[in-house]
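User: I am new to this structure. Please take one part and walk me through it closely, in short steps.

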Amino acid sequence: MIILKNGTVINPETGFIGMLDVVVEDGLIKTLAPDIDTEKMKQEASDAEDIVIYDCFGKYVGPGLVDVHVHFRDPGFTYKEDIESGSLAAAKGGFTSVILMANTKPPVDNADTIRYILEKGNKTGIHIYTCANVTEGMKGKKLNNFAALLQAGAAGFTDDGVPLLSEELVRDAMKQAVENDAVLSFHEEDPAFIVNNGINHGEASDYYGIGGSDRQAEISMVRRDLALARKTGAKVNFQHLSTKEAVELIREAKKLPEGKNIHAEATPHHIALTQKAAILYGSLGKMNPPLREEEDRQAIIMGLQDGTIDLIATDHAPHAKEEKDKPITEAPSGILGLETAFAIVNKELIQTKKLDYLQLFCKMSLNPARLYGINAGKIAENFPADLVVFDPEREWKMEKFRSKSQNSPFLNQNLKGKIELTICQGKIVYCDWE
């Protein structure tokens, strides 16, 4: 039994935030109540030593975080990350449920690969889900059989990392998704507008003397796919927005009656950084879509405030050091996200009073859980005990990631807001108590 005493409980489902004690037993939240008599519970327990009590005064207790966009590189690229190391990174970051992207080797376009991932995931301490590919071999040519892959355990569908260029194929994918009540997640970057990916066409590309990635790469595809989503009614998540224009397109689309199934995500790095980070940190600041301008960063924050962007997802993308050490045009795009996400958004959104904790946990727990039908995202009696305890004022330094990789501009940076305890299925999967 675990008892969390004197913490400020955040339940985004009901809008409750206040001091309660939480009793966890047999994988469930057994009791939510003020001033639980722990001495009496010890006396009544058959074995008092089995009761672990944490005094959470000054700390917050929220539902475990849910990330709908992570890369664990397994199978095929396990020198960068694997399911076990990725789950350790997730637990440290407060994430109890993660949905893996499907750009592995082999890609996740068959039942055997889905089973491999889910079986390995079941051996970790957290909930591991995986998307399957929209197209066979992730080649953008022929659609997979969504019904068969869902039956095998797929959580949704994406070719993340590779944009779907055929409008006809996207329309057919949306129709099949509607028939199967499935989620589609789209990486919106048209290569016709990209000379060198991962670096914004502007100040950053000028600094490196390269062409970079123009903002129209994102804008054009978001505009096309919003129109298709409205016509088909498909449940679509527009991944890692980077431009103010894309935010505005989604804002207007969500106002329409047929916009109810349109969702959008922002990453912590697009919330916190601009293209200046690509200049300052080199390839550690290189990602797809790229970090852009301050106006874009502010537009993303505004989109989070008004509900245009309803998800925060990390796009956790590990790469080996020798890969990131290559010249800027050769190094792969992507940075780590799971272990620093909460501290980053705590600084950029909470401490600046752009969002409150109820709003934040909607975007990092409740909304992603609802989108994918995951039994998570709230705190209630007889509900699964997936919880996180954090100290919003604790300062710490990211000296080494749990991930196999270390590719992040936040390495060796001072951060504020620390995940101190992660509980999944009633068990402690991460502890850094202070």
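User: Which ring does the charged end of lysine 418 sit over? Start there, then look closely at the aromatic rings, and finish with helix α8.

Analyst: The charged end of lysine 418 sits over the ring of tryptophan 396. The distance to the ring centre is 4.9 Å. Keep in mind that this is a predicted model. A second lysine is placed over a ring too: the charged end of lysine 59 sits over tryptophan 433, 4.9 Å from the ring centre.

Now to rings that meet rings. The structure holds nine aromatic pairs. One of them joins phenylalanine 342 and phenylalanine 390. Their ring centres are 4.6 Å apart. Their planes stand at 55 degrees, so the pair is tilted. Pairs count as edge-to-face when the planes are over 60 degrees apart, and as stacked when they are under 30. Phenylalanine 342 belongs to helix α13, residues 341–350. Phenylalanine 390 belongs to strand β14, residues 387–397. The two are 48 residues apart, so this pair links distant parts of the chain. Both phenylalanine 342 and phenylalanine 390 are buried.

Phenylalanine 390 also pairs with tyrosine 357. Here the centres are 5.1 Å apart, with 55 degrees between the planes. This pair is tilted. Tyrosine 357 lies in helix α14, residues 357–372, and phenylalanine 390 in strand β14, so the pair ties together parts 33 residues apart in sequence. Tyrosine 357 is buried, as is phenylalanine 390. Step back, and a cluster appears: Tyr60, Phe342, Tyr357, Phe361 and Phe390 form one aromatic cluster.

Next, helix α8, which spans residues 244–254. Its buried residues are Ala246, Val247, Ile250, Arg251 and Ala253. They cover an arc of only 170 degrees around the axis, which means they lie on the same side of α8. What covers them? The cover includes α7 (216–232), β11 (235–238), β12 (262–266) and α11 (294–306).

Take α11 from that list. The axes of α8 and α11 are 8 Å apart, and the helices pack at an angle of about 25 degrees. Angles under 35 degrees count as roughly parallel. The two helices, α8 and α11, are therefore roughly parallel to each other. On the α8 side, the contacts come from Lys244, Glu245, Val247 and Arg251. On the α11 side, they meet Glu295, Asp296, Ala299, Ile300, Met302, Gly303 and Asp306. Val247 and Arg251 thus appear twice here: both are buried in α8, and both meet α11.

Definitions and conventions
Residues are numbered from 1 along each chain as its sequence is written. This is a predicted model: local features need pLDDT of at least 70, side-chain atom pairs count only at pLDDT 80 or more; totals for chains, interfaces and linings use all residues. Side-chain values use heavy atoms; hydrogens and water are left out. Rings of Phe, Tyr and Trp (its six-membered ring) pair if their centres lie within 6.5 Å; planes under 30 degrees apart count as stacked, over 60 as edge-to-face and the rest as tilted. Helices (H or I, at least four residues) and strands (E, at least two) are DSSP runs, numbered from the N terminus. Buried means under 20% relative accessible area, exposed over 50%, partly exposed in between (1.4 Å probe, protein chains only). A charge sits over a ring if NZ of Lys or CZ of Arg is within 6 Å of the ring centre and within 35 degrees of the ring normal. The arc is that of the directions from the helix axis to the C-beta atoms. Contact means heavy atoms within 4.5 Å. Axes are lines fitted to C-alpha atoms, for helices over the stretch in contact, and angles run from 0 to 180 degrees between N-to-C directions. Angles under 35 degrees count as roughly parallel, over 145 as roughly antiparallel, 65 to 115 as roughly perpendicular and the rest as oblique.
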